[in-house]
Each structure stands twice: as structure tokens, then as C-alpha cells.
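Thanks, everyone, for making the time this morning. I would like to walk through how the helices in this model pack against one another, and then look at a couple of individual residues.

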Amino acid sequence: MSKKRRRHSAEQIIKKLRDADAMLASGKSVGEVLQSLEISEATLSRWRSQYGGMKSEEAKRLKSLEEENARLKKIVADQALDISMLKEIAKGN
């Protein structure tokens, strides 16, 4: 029985991290917390390292900066390719 993978938004991740901390503080075991949140232990630890201590506004800002960074890297790569092609063309003349 395989479950379909879900993508969680930054706000959902932060909410689940807060819920997990609250459940653990109330005395639930890690297994019970993971089962109620429907995530794995690896996912929880990855989320904690990435989003631990963030507020949802900060997470939104982080996500938008990551998307902008990826877009800018693609532009730089395209320009480097164009420069390389122009150098090859100029070398032939």
C-alpha cells in the first residue's frame, strides 16, 4: 500500500512543526506524533533543520528568495552559454 507523496507549503510545515512540539511537550511519543502528522522521522528532522524557529512570513520570504535565486542562476547560465557561442563563432572568422 503506497501513499501518494504530498508537497507541503512553508506555512503547513511550520504549523506541523508547532503541532509536533506541542504533542511532544504533552507527553506523546515520537511515533504517535509522526503517525498523527502523517510524516516520517526523516521528514520531521529535515523540516526542523530547515524551518526550525521560523515564522510563516519568514518561510514565505525564504521560499520566494530561493525561487528568485534559481531564476537568476538560469539567466546567468544562459548568458554564459551565449558568450561561449559568440566566442566560438568569432574564432572561426
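Let me start with helix H1, residues 10-25, and helix H4, residues 56-92, which pack at an angle of about 140° with their axes 9 Å apart. That angle makes H1 oblique to H4, and the crossing in which H1 passes H4 is right-handed. If you look at where the two helices meet, H1 brings Ala10, Glu11 and Ile14, while H4 brings Ser56, Ala59 and Lys60. Sorted by class, the residues of this contact between H1 and H4 are 3 nonpolar, 1 polar and 2 charged. Please keep in mind throughout that this is a predicted model, and that what I describe is computed from it.

Turning now to H1 and H3, the axes of these two helices come within 10 Å and cross at roughly 110°, which makes H1 roughly perpendicular to H3. Here H1 passes H3 in a left-handed crossing. On the H1 side the contact is made by Ala10, Ile13, Ile14, Lys16, Leu17, Ala20, Asp21 and Leu24, and on the H3 side by Leu44, Trp47, Arg48 and Tyr51. By class, the contact of H1 with H3 has 9 nonpolar residues and 3 charged ones, with no polar residue among them.

The remaining pair I want to show is H1 with H2, and these helices pack at an angle of about 145°, their axes being 10 Å apart. The crossing of H1 and H2 is right-handed. From H1, the residues in this contact are Lys16, Asp19, Ala20, Met23 and Leu24, and from H2 they are Val30, Val33, Ser36 and Leu37. Dividing the contact of H1 with H2 by class gives 6 nonpolar, 1 polar and 2 charged residues.

With those pairs in view, which residues of the largest nonpolar core touch the most other members? This core has 14 residues, and the ones with the most such partners are Leu17, Leu37, Ile39, Leu44 and Tyr51. At least two residues of the core come from each of H1, helix H2 (30-37) and helix H3 (41-51), and H1 supplies the largest share, 6 residues. Leu17 deserves a closer look, since, once its neighbours within four places in sequence are set aside, Leu17 is in contact with Leu44, Trp47, Arg48, Tyr51 and Gly52.

Let me finish with two residues outside that list, beginning with Glu38, which sits in the loop between H2 and H3. The phi of Glu38 is near 60°, a positive value in a residue other than glycine. As a general matter, most residues other than glycine have a negative phi. Is Glu38 buried or exposed, or does it fall in between? Its relative accessibility is 48%, so Glu38 counts as partly exposed, given that exposed would require over 50%.

The other residue is Thr43, which is placed in helix H3. Thr43 has a relative accessible area of 16% and is therefore buried, the cut-off for buried being under 20%. Measuring along the chain and then through space, we find Thr43 and Gly53 to be 10 residues apart in sequence and 16 Å apart from C-alpha to C-alpha. I am happy to go back to any of these contacts in the viewer.

Technical notes:
Residues numbered from 1 in each chain as written. Predicted model: local features only at pLDDT ≥ 70, side-chain atom pairs only at ≥ 80, totals over all residues. Heavy atoms only, no water. Axes fitted to C-alpha atoms, helices over the stretch in contact; angles between N-to-C directions. Helix = DSSP H or I, 4+ residues; strand = E, 2+ residues; numbered from the N terminus. Parallel < 35°, antiparallel > 145°, perpendicular 65-115°, else oblique. Left-handed = near helix turned anticlockwise from the far one by under 90°. Contact = heavy atoms within 4.5 Å. Nonpolar A, V, L, I, M, F, W, Y, C, P; charged D, E, K, R; others polar. Core = buried A, V, L, I, M, F, W, Y, C linked by side-chain atoms within 4.5 Å. Buried < 20%, exposed > 50% of the residue type's maximum accessible area, 1.4 Å probe, protein only.
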